[in-house]
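Please look over the sequence and the fold shown below before reading on. The paragraphs that follow begin at one residue and widen from there to the chain as a whole.

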Amino acid sequence: MANIFFNKPNKKRQYFISILTVCFVSAICYFLSPYIGYKVVALLLLVTVSLIAMFFDILPVLLAAFLSALIWNFFFIPPHFTFTVHSTEDLLMLFMYFIIAMVNAALTYKIRQIEKETQKKEEKEKMIILYNTILNSLSHELKTPISTIIGATDNLLTEFNKLSEQNKNELLTEISKASIRLDRQVENLLNMSRLESGFIKPKKDWCDINELIHDVLNRLKENLEHRAVNIQIKENLPLFKIDFGLIEQALYNLIHNAALYIPKYCVITVRATCKDDKLILIVEDNGNGFPGDEIEKVFEKFYRLKNTDTGGTGLGLSIVKGFVEAHNGVIRLENITEGGARFTIEIPTETTYINNLKNE
């Protein structure tokens, strides 16, 4: 049976719709009865009651079943326009119709309730699996940098006089890297929480995309230390009215994601241009690309690509999507024919050139 669910009307509307549906079907059958016969009409009315039972509560359904039996008797069973039934066969059919209609309505409603319970159980099981996955991922992503920080600081505190300057610097570097990693994960969690709560409201101001891109690359200096990055920014770009912080974080997540997953020898290309009053930002690489059946899933919360050992909470790309959509923009992912992947951000925005802005 089709599993169809929607917001049910209140009880009064259910009664009204049930009565109206039975009457409407009966009216159509009345005009067709000379061609199809009153026995076929009974089947059509039974189907109508079954359909009503798929959507409404039991009492409106039973009312529809009872009403359909009365209508079938009064308008269709000879003699017409009377509740009297002369034929024993017709009387038996009427009695059986009434019983079947009631039982059918009750059983259909019961089956629907069982389907709902089954669906809830399956959703609960899926949610438990998802929460376990999330907790395992978060515990690893948060615990690893915390353990590094604790271990390094413990060595500095207990063995400070015994450590060489080089060892001290190495421990401090570990603490710094672990702190940045921890800060990034906490920031992703907070951003996702803001998106879920609906509190993300872009604070738009005039932004220089050159400055934004170089700020992102500067933040990712250590991650990109041994990687080739190709920056292609169209000359004479206007200023764009966007939330600098949100778009900076979105671009940061895209470039960091590329640096995290693509092979060492690959090149990351960042493009920026303006087209039809839209800011176009592209982050692409010449790596292995994405599995075709996973492209539609990468922007889902906590989704991580299959068969990958690289860490992560699976929040980065979903945050990118949320921040872009907060600007009424869109983000697309596609595999490049020659190899690699391309993320394209399009944001409709006000634009202005520096000379115009100075004259305002």
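**From one isoleucine outward**

Leaving aside its neighbours within four places in sequence, Ile 213 is in contact with Ile 231, Ile 233, Leu 251, Val 270, Ala 272 and Leu 281. The model in which these contacts are found is a predicted one, and within it Ile 213 is listed with Ile 209, Ile 242 and Ile 255 as the residues with the most contacts inside the largest nonpolar core, a set of 45 residues. The elements that give two or more residues to this core are helix 5 (209–219), strand 3 (239–242), helix 6, strand 4 (267–275), strand 5 (278–285), helix 7 (316–326), strand 6 (330–335) and strand 7 (341–348). Which element supplies the largest share of this core? That element is helix 6, from which nine residues come. In soluble globular proteins, nonpolar side chains tend to be buried together.

Helix 6 itself covers residues 244–261, and its 18 residues reach 26 Å from the first C-alpha to the last, close to the 26 Å expected at 1.5 Å a residue. The helix is mostly covered, with 14 of its 18 residues buried. At its N-terminal end, Asp 243 acts as a cap, a side-chain oxygen lying 3.1 Å from the backbone nitrogen of Gly 245.

Helix 7, another contributor to the core, has as its buried residues Leu 317, Ser 318, Ile 319, Val 320, Gly 322, Phe 323 and Val 324. Just after this helix, Asn 328 takes a positive phi of about 60 degrees.

Strand 7 also gives residues to the core, and Arg 342 is found in that strand. Is Arg 342 buried or partly exposed? Arg 342 counts as partly exposed because its relative accessibility is 22%, whereas buried means under 20%. Leaving out residues up to four places away in sequence, Arg 342 touches Ile 282, Val 283, Glu 284, Arg 332, Leu 333, Glu 334 and Ile 336. One of these partners, Glu 284, is 58 residues away in sequence, yet the two C-alpha atoms are 4.1 Å apart in space. The side chains of Arg 342 and Glu 284 also make a polar contact, at 2.7 Å.

A second, separate core has 26 residues, including Ala 42, Leu 45, Val 61 and Ala 101. Leu 45 is also touched by Ser 26, whose other contacts, not counting residues up to four places away in sequence, are Ile 71 and Phe 76. Ser 26 lies in helix 1, which spans residues 11–53, and counts as buried because its relative accessible area is 6%, with the limit for buried set at under 20%.

Two cysteines can be placed on the same scale of burial: Cys 29 counts as buried at 2% relative accessibility, and Cys 207 counts as buried at 4%. How many disulfides does the model contain? The count comes to zero, taking a disulfide as a pair of cysteine sulfur atoms within 2.5 Å.

Seen as a whole, the protein chain comes to eight helices and eight strands, and 38% of its 360 residues count as buried. Among contacts between residues at least 6 apart in sequence, 71% join residues at least 24 apart; the pair formed by Arg 342 and Glu 284, 58 residues apart, illustrates such a separation. The chain exposes about 21300 Å², of which carbon and sulfur atoms supply 58%.

Technical notes. Residues numbered from 1 in each chain as written. Predicted model: local features only at pLDDT ≥ 70, side-chain atom pairs only at ≥ 80, totals over all residues. Heavy atoms only, no water. Helix = DSSP H or I, 4+ residues; strand = E, 2+ residues; numbered from the N terminus. Buried < 20%, exposed > 50% of the residue type's maximum accessible area, 1.4 Å probe, protein only. Contact = heavy atoms within 4.5 Å. Areas by Shrake-Rupley, 256 points an atom, 1.4 Å probe, with all protein chains shown as cover. Expected span 1.5 Å × (residues − 1). Polar contact = N/O pair within 3.5 Å; in protein donor to acceptor, adjacent residues only side chain to side chain. Core = buried A, V, L, I, M, F, W, Y, C linked by side-chain atoms within 4.5 Å.
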